[in-house]
Amino acid sequence: MTEQQHTNRALVTVDLDAIRRNVALLSARAAASGAETMAIVKADGYGHGAAEVARAALRGGATWLGACSLNEALDLRAAGIDVPLFSWLETPDTDFAPALEAGIDVSVSSAAELARVADAAARTGRRARVHLKIDTGLSRNGCPADLWPALVKAAAAEPDVDVIAMWSHLAAADEPGDPSIDRQAERFADAYALAREAGLNPLRHLANSAATLTRSDLHFDLVRPGIAVYGLNPVPQHEELTPAMTFSSQVVLTKRVAAGESVSYGLTWTASEDTTLALVPVGYADGVPRTLSGRLDVWLDGRRRPVRGRVCMDQLVVDCGDDEPALGTEVVLFGTGSEGGPTAREWADRIGTIDYEIVTGMYRPRVRRVYTGGES
């Protein structure tokens, strides 16, 4: 690794104590309903670092971890994390044998997938731990309702397969009161009744972050918070969640420009009066959306300051008025917002997306990631 890669040109700082506190809050909600907590650490822990987040989440009270792909789950095992671990989305050519050998629970949504898991169990001599997924209305992964009776009967009959749980995913839990939530809950209950009729006694998990916070009746045996683990609230209500990620850079150049001078590609902004500009060496290659051009503030020297002109691939320009920040001064692109600075949610709202996309977008080669708190 070169010396430049060790600088704070584009720096993501992850507060592991914030992760722990967020999970403690979520786990307390779940425990009040008699449920355990599965912290979701897919997509490299939503851009925060899967193994580091996993350890912090376990310190916060999580007892399970969830990862989208088998490769993600195997990486957690390789990092020495030995707790119940669930993986749920694979391609048709995936060999499930490594999952069984590593003690990873896997999801099954079809008879064909069940057969592939059973084959891996026969080849390895390891019993397969599966979670059967029912599609209750999201219309993505999951077994259609008309095929569910056959799937649960087939799973119950497989000698090398243990059905640990059944699960589904809510489509609109981040919109409390949406009628689809109750509709999906009813379908989930119907599917559970059929599973019991087939001789199964599975755990149930349905609640994502939003439902963990707002629908205690849907906690069942296990909740699966994702974005809330990272301190980003999916529902419009106050919770003591703390954003764990701060994205920062520094001032590398300042210059005084006269009224009438324009800034950056396309000369889309022109100074109406003499002002001081600060150059910051991050751009859209580092996770700053170009669509934030003309709509972005940063936190610099204790106050918000506007970014002028277009966001470039490698840099952006901040208007500092009559102030002249010292070279090397920290520039916070987004963070907790506790002092009034910008947040990932603010970025998302301004460009019409969700904060999930903002934080996962920070997993980039030029962005250095460091940790505070926890066992860092």
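Which residues have the most contacts inside the largest nonpolar core? In this predicted model, they are Leu132 and Phe247, and the core they belong to has 111 residues. Both domain 1 (16-230) and domain 2 (245-342) contribute to this core, with at least three residues from each. Another core lies apart from it and has six residues, including Val257, Val263, Trp269 and Ala271.

A good place to look next is helix 7, which spans residues 148-157. Its buried residues are Trp148, Leu151, Val152 and Ala155. Viewed down the axis of helix 7, these buried residues fall within an arc of 95 degrees, so they line one face of the helix. The general geometry helps here: an α-helix has 3.6 residues a turn, so residues three or four places apart point the same way. On the face of helix 7 turned away from the buried side sit the exposed residues Ala150, Lys153 and Ala157. The buried residues of helix 7, for their part, pack against several elements: strand 5 (105-108), strand 6 (128-133) and strand 7 (161-167), together with helix 6 (111-124) and helix 8 (179-197).

A closer view of a single residue rounds out the picture. Thr212 is found in helix 9, residues 209-214. Is Thr212 buried or exposed? Its relative accessibility is 1%, and because buried means under 20%, Thr212 counts as buried. With its neighbours within four places in sequence set aside, Thr212 is in contact with Leu26, Arg29, Ala207, His219, Val223, Arg224 and Pro225.

Terms used: Residues are numbered from 1 along each chain as its sequence is written. This is a predicted model: local features need pLDDT of at least 70, side-chain atom pairs count only at pLDDT 80 or more; totals for chains, interfaces and linings use all residues. Side-chain values use heavy atoms; hydrogens and water are left out. A nonpolar core is a set of buried Ala, Val, Leu, Ile, Met, Phe, Trp, Tyr and Cys residues joined through side-chain atoms within 4.5 Å. Buried means under 20% relative accessible area, exposed over 50%, partly exposed in between (1.4 Å probe, protein chains only). Domain bounds come from an automatic or database domain assignment. Helices (H or I, at least four residues) and strands (E, at least two) are DSSP runs, numbered from the N terminus. The arc is that of the directions from the helix axis to the C-beta atoms. Contact means heavy atoms within 4.5 Å.
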